[in-house]
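Biologist: I'm new to this one. Can you walk me through it?
Modeller: Sure. Have a look first, then ask away.

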Amino acid sequence: MDPILQVENLTKQYSGFMLDHVSFSVPKGTIMGLIGENGAGKSTTINAILDLVQRDEGVVKFGGQELSSDPKSIKENIGVVFDGIHFYETLTPAKIGRISAAAYEQWDDAIYNLYLKKFQLPPRKEIKTFSRGMKMKLGIAAALSHKPKLLILDEATSGLDPVMRDDILDLFLDFVQDENHSILMSSHISSDLEKVADYITFIHEGRVMFSKQKDELRYQYGIIRCKTAEFHAIDKSEILAYRKRDYQWDVLVADKEKARRKYKSSVVVDDASIDDILLLYVKGDQVK
């Protein structure tokens, strides 16, 4: 599938932190989940993709074009929702609609007002009176109303109650039914990504640990749970990450069925959730 977004060797050095040659791509018609612990580099990656921070190195292409080649046209096709409202707090949704209509050629007032109604957002109340969840819904409404082809979402479902979050996720799934539309979304809520993501890119300490199809992670990855003697008998080339607990070793492997056949009754091999995989990479160790 053709990528709508290509990120190649994205690098940004700060004091005490480095975004280290991050590379991944988002195919058209898909949702890419961006995961990692706090401070791993997810927001820095998004900001560097959007040219909100200057990159030290790397190339970012939207539909094969760099943002600098035609910034106005390309930005028309990118909807962005950050973790937190980026509108002046004294504005109202109605005023934001008028400002956005002047900024975007593709702005659709009818769609925007439909979202305001759907999300139960009063058009003439100032944003400062809104809850965190209402502000996030307003950001999503504004991002969708200029008809983007790519949505970039930084913790866009945080602050929403479970029912509204589920509705928003269904909205995202509807958005990518048009195979020219795609979403890059960072989230700490793994159940959201379990529901909607097609791919997962995991960033840890500024580096991409993997970028894979979600179904490969869910259906092929597994965790061997064993005692010390069994741990030392495991083929080290099969170990992605491991962690020593009180009386047990947890070992992440990429092929759980192979592990079940190979080690049979001597160990337990469990399915691995996205949270399990993240925790073992972050809190565990890798074979040197």
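**Domain, sheets and pockets**

Modeller: Start with the record. UniProt, in an unreviewed entry, places the feature "domain: ABC transporter" at residues 5-230. Keep in mind that this is a predicted model.

Biologist: How far apart are the end C-alpha atoms of residues 5-230?
Modeller: They lie 43 Å apart. The span is 35% helix and 29% strand.

Biologist: What's the strand order in the open sheet with antiparallel pairing that includes strand 1?
Modeller: The order is 2-1-4-5, so to speak, reading across its four strands.

Biologist: Which strands stand at the edges there?
Modeller: Strand 2 (17-27) and strand 5 (65-66). Each has a single partner strand, so one side of each has no neighbour in the sheet.

Biologist: How many bridges pair strand 1 with strand 4?
Modeller: Five, in the antiparallel sense. Strand 1 covers residues 3-14 and strand 4 covers residues 57-62. As an example, glutamate 8 has valine 59 in strand 4 as its bridge partner.

Biologist: Which strands does helix 1 touch?
Modeller: Helix 1 (residues 42-49) packs on the sheet and touches strand 1, strand 2 and strand 4. Its direction makes about 115° with that of strand 1.

Biologist: New topic. What about the sheet with strand 12 in it?
Modeller: That is an open, antiparallel sheet of four strands, ordered 12-13-11-14. Strand 12 (239-244) and strand 14 (268-271) are the edge strands, each pairing on one side only. On average, neighbouring strands are turned by 25° against each other, direction ignored.

Biologist: And what joins strand 11 to strand 13?
Modeller: Five bridges, between residues 222-226 and residues 249-253, running antiparallel. Cysteine 226 stands opposite tryptophan 249 in strand 13.

Biologist: Which strands does helix 10 touch?
Modeller: Helix 10 (residues 256-263) packs on this sheet, touching strand 11, strand 13 and strand 14. Its direction makes about 165° with that of strand 14.

Biologist: Now pockets. What volume has the largest pocket?
Modeller: About 700 Å³. It has 27 lining residues, and the closest to its centre are Val80, Phe82, Phe87, Tyr104 and His146.

Biologist: Which element gives the largest share of that lining?
Modeller: Helix 5, with five residues. By class, the lining of the largest pocket has 17 nonpolar, six polar and four charged residues.

Biologist: And what volume has the second largest pocket?
Modeller: About 220 Å³. Its lining residues include Ile4, Lys28, Phe62 and Asn180. Five of the lining residues are nonpolar, five polar and two charged.

Terms used: Residues are numbered from 1 along each chain as its sequence is written. This is a predicted model: local features need pLDDT of at least 70, side-chain atom pairs count only at pLDDT 80 or more; totals for chains, interfaces and linings use all residues. Side-chain values use heavy atoms; hydrogens and water are left out. On a 1 Å grid over the protein atoms alone, a cavity is a set of points where a 1.4 Å probe fits but cannot get out, and a pocket is an open set with protein on both sides within 12 Å along at least five of seven lines; lining residues have an atom within 4 Å of a point. Grid points are joined across faces, edges and corners, and a volume is the space filled by probe spheres set on the points. Helices (H or I, at least four residues) and strands (E, at least two) are DSSP runs, numbered from the N terminus. Ala, Val, Leu, Ile, Met, Phe, Trp, Tyr, Cys and Pro count as nonpolar, Asp, Glu, Lys and Arg as charged, and the others, Gly among them, as polar. Two strands pair if DSSP finds at least two bridges between them. Contact means heavy atoms within 4.5 Å. Axes are lines fitted to C-alpha atoms, for helices over the stretch in contact, and angles run from 0 to 180 degrees between N-to-C directions. UniProt positions are given in the numbering used here, feature names are shortened, and annotations may be inferred rather than shown by experiment.
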